[in-house]
Amino acid sequence: MAEITKKWYKEMSVYQIWTRSFCDSNGDGIGDLPGVYSKLDYIKSLGVDGIWFSPIYPSPNCDYGYDISDYKNINPEFGTLDDFKKILDAAHGLGMRVFMDLVVNHTSTEHMWFKEACKSKDNPYHDYYIWRKGRGNKPPNNWLSVFEGGAWEYNKNLDEYYLHVFAKGQPDLNMDNPKVREEVKSIMRFWLDMGVDGFREDVITFISKAEGLPNGFPLPLATGIEHYKHGPHLEEYLDEFRQVLNEYDCFAVGEGPMTGLKDAVNYCTEGPGQKLDMLISFDHMNADCFMADWVKLPFSLRRLKSTFDKWQTEMYGKGWNSLYIENHDHARIIERYGSIKFRVQSGKMLATMYMLQCGTPFIYQGQEIGMTNVRVDHVTEYKDVMTFNNYRLFKKLGFTEKMFLNLSFKVNRENARTPVQWTGGKNAGFTTADEAWFKINPNYTEINVEAAEKDENSLLNYYRKLIKFRKEHEVAVYGDFKQYYRSSGSLFVYERNYEGKKLLVINSFSENPVKFDAPAGIDLSAGELVLQNYEVLNPGKNSFMTKPYETRVYLFS
Ligand code: GLC
Ligand code: CA
């Protein structure tokens, strides 16, 4: 059996904060760092070992923080560097680590480097970005951005175009320039020296672009992606950054849109040449869509299971997986893979299903109370550049606003960005302002932290049990992964084994009863039922009909 090395980052669970919607301390309608500080005890009470902050640096917010204008400071909307240091110290005091989002594929157009770069071609910062001459009056190649139309923006003064794979306000850095790589390392050191414990590296697999920037295969968006999703120098640059990380006791998880399992294993394989500690994969987020969230398909459990199966078994003993089902880039998971009708039960099942696989679990704010998607009445209520771009594209396909809003309600990432629902009181306890910066889901009167705290059987309290269980049982962290009933369209059943201990995890993705038979060689009466989302009168029975979205975990020691 594959050898598994023990590491602190493998044992931890991490809570992700998207600060703008977390908690507002000063009544301006925008979540901020003192707001986070005020909730540290709550975060700790979940049992997590770390916090990952989505970007909290100064930013003009064309992509809500993912367009950074100063890498070594804090967004004044969120507070000051001192506010951050206060959180860092307090979190450490509570035994939690703190991770920053490192966004170095691109900066903001408001970054000093870019402003300098635009001044002249001789400016030392000019070569920090990717500039090309047009082809006549056409852009340098046919690439399209992920967010808004063409991937090139013309600068009249220089008579050159700059590349932006994302929004216009997010010019891509020229990572081939060694000075840029030195800047990246200096940013890493700045935060690591302050005491930060590692990074989530934003679209890090995009940082190296193909030689000559050839035309891409035409797609509705992101044309050209095959020329930068794993560019020629990516591994070299990751190695270079890794050397900095190696000077510290920290970890790095890389975001890798469109990164396949083979590349992921290559980046994450432990030992000399290891590039990343884990990768944020997108494969398992495609069980109800085709390539991108907006190309909606019916949910397929078989598709979900087969991707998990591959990532679990291929990575085991080589590298390490990150585990997540929600973040700021996807609609709420209960709406996608679970059931609103069985919100709490399906929420518990989904939590069990992913957190007991082999890897480091990430939990996104609001996920732990089962927050859901939000309906808006007009596209103008939205805030995100991606939404507006998709609206433009869908209108071309003949969508009315109403049709668009119906789709958006199911798939839009902004669904995950509504303010956290703390109480049933005014503005969900998120802000004392008259209005929050973005729509609060009207179901806050029912779904909120305060109510969940009072209910012993709430999803929140289930997350606490689950996180605690994982922490206390090495088999849940280090065990291997073996699936049963692979062809079932309603059950996801898997087993983990480690040093003589076994976990059997049974999950139903159906609201209808499904017959479960213990796999050959397993006697449920020999195990202990350690987690469940319904009362089970006879846990030792080897055959039973499942309840809607039932989950059960048996421990055999
Ligand atoms: C990542 C982020 C996403 C952002 C994009 C561009 O995918 O998670 O929120 O819009 O990168 O930085
Ligand atoms: Ca505020």
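In this predicted model, a polar side-chain atom of Glu255 is placed 2.8 Å from an oxygen atom of ligand 1. The protein covers 96% of the 310 Å² of accessible area that ligand 1 has on its own.

Around ligand 1 there are 14 residues, and those that come nearest are Asp63, Asp202, Glu255, His328 and Asp329. Polar contacts to ligand 1 include those made by the side chains of Glu255, Asp329 and Arg200. For Arg200, the side-chain atom in the pair is an N or O atom. The separations are listed below.

| Side chain | Partner | Distance |
|---|---|---|
| Asp329 | oxygen atom of ligand 1 | 2.4 Å |
| Glu255 | oxygen atom of ligand 1 | 2.8 Å |
| Arg200 | oxygen atom of ligand 1 | 2.9 Å |

The model also contains an open sheet of 8 strands with parallel pairing, in the order E9-E8-E7-E3-E2-E1-E13-E12. Its edges are formed by strand E9 (278-280) and strand E12 (322-323); each has a single partner strand, so one side of each is left without a neighbour in the sheet.

Within this order, E1 stands between E2 and E13. Strand E1, residues 14-17, runs parallel to strand E13, residues 360-364, and 3 bridges join the two. Tyr15 has Ile363 of E13 as its bridge partner. Helix H11, residues 343-355, packs on the sheet and touches both E12 and E13. The direction of H11 makes about 150° with that of E13. Of these two strands, E12 is at an edge of the sheet, while E13 lies between E1 and E12.

Definitions and conventions. Residues numbered from 1 in each chain as written. Chains lettered and ligands numbered in written order. Predicted model: local features only at pLDDT ≥ 70, side-chain atom pairs only at ≥ 80, totals over all residues. Heavy atoms only, no water. Pairing = 2+ DSSP bridges. Helix = DSSP H or I, 4+ residues; strand = E, 2+ residues; numbered from the N terminus. Contact = heavy atoms within 4.5 Å. Axes fitted to C-alpha atoms, helices over the stretch in contact; angles between N-to-C directions. Near = heavy atom within 4 Å. Polar contact = N/O pair within 3.5 Å; in protein donor to acceptor, adjacent residues only side chain to side chain. Areas by Shrake-Rupley, 256 points an atom, 1.4 Å probe, with all protein chains shown as cover.
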